[in-house]
Amino acid sequence: MQHICLFTGARPNFVKVAPIIRAIKNTEGIEERLVYAGREDDPTLEDSLFDDLQMPRPDVFLDVDCENLNELTGRVMSAFEQYLEHNATDTVIVVDDLASTMAAAIVTKKRGLRLAHMVAGTRSFDINMPKEINRLVIDGLSDLLFTAGASSNSIATREGAEMHKIYMVGNILMDSLRFNHDRWQRPTCLDGIEDGKYLVFTINRKVLLADKENLQCMLSVISEVAGNIPVIAPLRGNSQFIVRGSQFMVLDSLPYLEFGYLTSHAMGIITDSGNVAEEATFNHVPCITLNSYTEHIETVKQGTNVLVGEDADQLRTALQEMISGQWRTGSLPDRWDGRSAERIVQILLNV
């Protein structure tokens, strides 16, 4: 029996590990345990999340909760090492690029265990970003690099990763979207609003939120160009507070199945989230990303995503094209077919 540890550090990670848990439970000779770096009472992990994803809550909570990234890294390393000392583990799978993810990766290799990185090979090429350092460390340590697309493969190869370590399994987010496609739930915020007749706005990046003058300029552009088209903004915490003065329909973040309906039936999306942009490409929904780069360039080259940076003028031009119906038609990148988890499990068994 092969023992797999799925390590998660934040709410978005669960959307990516849910398909793997389902695939493992349908496969003989392999079993998993789900570990979360945070607290059991983490307010972002509402029960509806796990119900919506049809997955169990974590088996283990490391109870690490602090703002300082270096302190968090050290505490996660200590707590995760204690976990590995008392639990049989053959392979640790880490997700994305958080400080806690890097911490788990370091401990895994120090203990001589096999390390797999899901969504490997993504880069911003900005070494001043903490997450970029995390990505470099995790990929450098990993025995198995599970990439979402050809561009991530080429990055990993260019940085010296051995070819036998790299596996283009596809975008794991698409597994969850395909699985839940017929389970979306129309949120009450759409009462009286037709599908395809509204815009969705999300924002979370600290750098973007910190420049309040420029942010207000972009919010004004959106309101002006949108006119009478409703702009629905499901937001958390500080993001909600900052945006609340706008003309948008600001509301609390939605459960997974409701948010999936909201974004998949929108006229268009304005976001700073790479995950939301990827989902928009899958749903063939026009998407404007408030960033100058994306970790998944295929959403721009093939999909429906356009990067406008933090430039209000570029945002205005793109939004006018979106609303006027002049947006280009996107296509699905290779292996965005909802079978990434199956590929990952077979690799774990056979390599």
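**Exercise 1. Which residues are linked with D97 in a network of salt bridges?**

Solution. This is a predicted model, where local features need pLDDT of at least 70, side-chain atom pairs count only at pLDDT 80 or more, and totals for chains, interfaces and linings use all residues. Residues are numbered from 1 along each chain as its sequence is written, and side-chain values use heavy atoms, with hydrogens and water left out.

Step 1. Apply the criterion: a salt bridge puts a side-chain nitrogen of Lys or Arg within 4 Å of a carboxyl oxygen of Asp or Glu.
Step 2. Read off the network: D97 is linked with E132, R135 and E295.
Step 3. Search the whole structure: the total is 20 salt bridges.

**Exercise 2. Find the acidic partners of R111 in helix α3, and place each pair in the sequence.**

Solution. Helices are DSSP runs of H or I with at least four residues, strands are runs of E with at least two, and both are numbered from the N terminus.

Step 1. R111 and E81 form a salt bridge, at 3.8 Å from N to O. R111 sits in the loop between α4 (99-110) and β5 (114-120), and E81 in helix α3 (residues 69-86), so this pair ties together parts 30 residues apart in sequence.
Step 2. R111 also meets E85, at 3.9 Å from N to O. E85 is in helix α3 too, so the pair with R111 joins parts that are 26 residues apart in sequence.
Step 3. Check exposure. Buried means under 20% relative accessible area, exposed over 50%, and partly exposed in between (1.4 Å probe, protein chains only). R111 is partly exposed at 34%. E81 is partly exposed at 34%, and E85 at 47%.

**Exercise 3. Classify both ends of the E32 and K25 salt bridge as buried or exposed.**

Solution.
Step 1. The two side chains meet at 3.2 Å, N to O.
Step 2. E32 has a relative accessible area of 15%, so E32 is buried.
Step 3. K25 has 55%, so K25 is exposed.

**Exercise 4. Explain why C217 has no disulfide partner.**

Solution.
Step 1. A disulfide needs a pair of cysteine sulfur atoms within 2.5 Å.
Step 2. The closest cysteine sulfur to that of C217 is in C287, 20 Å away, which is too far for a bond.
Step 3. C217 is partly exposed, at 38% relative accessible area.
Step 4. Widen the search: the whole structure has 0 disulfides. C66 is in none, and the nearest cysteine sulfur, that of C5, is 19 Å away. C66 counts as buried, at 16% relative accessibility.
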